[in-house]
Amino acid sequence: MTNLFTLDFFINALSLGSLYALIALGLVIVYGILKLVNFAYGELIMLAGYVLYLLTNGTAFPWLVVAAIAVIAAMGTSYLTELVAFRPVREKSLTAMLITSFAVSTLLQNGALLIISPRARAVELPEAFSQIVHLGGVDIPMRNILTILTSLLLLVGLSLLLKYTVLGIALRAASENFRMTRMLGVPANLIISTAFAISGILAGVVSLFWIGRTGSVTPTIGGAPLLIAFVATVIGGMRSLTGAVVGGYVYGLLFSLIGIMLPQSLLDYREAFMFLIVIIILLYRPEGLIRGGSTGERVG
Amino acid sequence: MLSLQNVHARYGAITALRGVSIEVKEGELVALIGVNGAGKSTVLNTIAGNLRPVQGSITFQDSSLVGKAPEQIARLGLTMVPEGRDIFPSLSVEENLRLGAFVHWERSKYTHDLEEIFTLFPILKERINQAGGTLSGGEQQQLAIARALMARPKLIMLDEPSLGLSPVLVDQIFELISTLHQRGITMLLVEQNVDRTLDIVDRAYLLNTGRVEISGTPDQLRKRVDIESVYLGDTRQRANR
């Protein structure tokens, strides 16, 4: 309890929060437009993980190149699942889409089980991930600093894209009123494909740092991040991208806090305590911490 | 320019249009009038591609619109200002206008058009960086029409532009529509404010339960129908006139 707010705690919590923010953002960017919780999102993280595993254990590519290929693979898969699975049922109903997302999730997971193995596979990580940095008298894992910096870079890049490009503005418009956006001549398929591609990129980058923590990949590795994404967006508010990012950081911070505040004997129940806090937040803010864009208008 | 022939449309089991035929010529300002539920908005939504007709043809400058997606129809030069305006509340006024120009995006064209829009809607220049949702109802309606104009449309469809506005603002909107008409912009207008509408349009169609009941110039319509009765849902033609 004495060293509650030391620099290393702060950086570790921020690192976890950054990762969770990216996870949540990847889920919400699709949800905002299609109102679909894509349950296959976790499997994109898994897929990027297996690409890392296969390419680090068989080829001589430098790690950064392998990482880039993994991210591109996640993006491509996300784009393809939309094209092949979601687009044909889009006009039908939301339930059809939701079931489709379960199907895609199961398919990808079973594919990994069948083709590779149900057992965990060790992924080779670059040296930078295990290095320790001495900062202000404390030891901080380089991995955590990298997570923070990469997330920051991605978040800034994404907000610039959404703020200053016509496509980005159209994406934001589509998440507010998709029908009107189409009536202005913005192709629905372009918007949805872009959202899935961005979601895939985020999943790919998340995969690098998620596996950077565990060091291995399994077919079911996507389950935990999917749950985190879901809870983080519920905390932050499902209606805005800002909500997802805030939710991710809040989740990461709270989870870290619980980790150091709970006595050793209760640490196994860390998640139970986490969800208790989530329930309390939702009791007071059922719509999440960040409310979506106001649709009201001034009287006049 | 725009022609609907015997268009039938339905929402699920509810039949909304039962054989509507409408014609809009280039440069014309044409209105659809009638009571709530007569099918006026449905006609616009069917043209815009939000609702697929079950029967009939819709052609715009020699190309059929039936089965086309809303974005394809917008790209042909048909722009819609929907009921309730549907501006993007969290986007700034400038971003709203920029999306209006999406169909022919080019920065030099855009900045040029923007200046022209500001002479027509000076208030939007003042509000340029404000979020659309913070605008008043009248300002939002101006923004919605300005956004439609940014598309350099060949035909604008306006759905109840005066709805929910104070009398002064209603005057402004009707004045604006007249101004646009004088500038040669083709418009298809849906309005409940029948008297005001007949003052400014070239021709009008009176719709009732999904059919065109009477059509013609405002004078012809005034002679044949008791305008007061349109509000009451009773559109029986006047006897012996």
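This talk covers one strand of chain B and then the contact between chains A and B. Keep in mind that the model is predicted.

Start with strand β7 of chain B, residues 155–159. Is this strand buried or exposed? Five of its five residues are buried, so the rest of the structure largely encloses it. Look at the two faces. On one side sit Leu155(B), Met157(B) and Asp159(B), and these are buried. On the other side, Ile156(B) and Leu158(B) are buried too.

Now the neighbours. Strand β6 of chain B, residues 78–81, runs parallel to β7(B), and four bridges join them. Strand β8 of chain B, residues 186–190, also pairs with β7(B) in the parallel sense, over five bridges. Find Met157(B) on your screen. Its bridge partner in β6(B) is Met80(B). In β8(B), Met157(B) stands opposite Leu188(B).

How do we get from β7(B) to β8(B)? Helix α7 of chain B, residues 167–182, joins the two strands in a right-handed β-α-β unit.

Next, the interface. Chain A brings 27 residues to the contact, and chain B brings 34 residues. The area buried between the chains is about 2,700 Å². Carbon and sulfur atoms give 57% of that area.

What about charge? Three salt bridges cross the interface of chain A and chain B. One of them pairs Glu95(B) with Arg172(A), with the closest N and O atoms 2.8 Å apart. Eight residue pairs are in polar contact across the interface, both residues at pLDDT 80 or more.

Which elements of chain A give two or more residues to the side that touches chain B? They are α5(A), α6(A), α7(A) and α8(A). Of these, α6(A) gives the most, with six residues.

Note on methods. Residues numbered from 1 in each chain as written. Chains lettered and ligands numbered in written order. Predicted model: local features only at pLDDT ≥ 70, side-chain atom pairs only at ≥ 80, totals over all residues. Heavy atoms only, no water. Buried < 20%, exposed > 50% of the residue type's maximum accessible area, 1.4 Å probe, protein only. Pairing = 2+ DSSP bridges. Right-handed = clockwise from strand over helix to strand, strands pointing away. Contact = heavy atoms within 4.5 Å. Buried area = accessible area lost by both parts, 1.4 Å probe. Salt bridge = Lys/Arg side-chain N within 4 Å of Asp/Glu carboxyl O. Polar contact = N/O pair within 3.5 Å; in protein donor to acceptor, adjacent residues only side chain to side chain.
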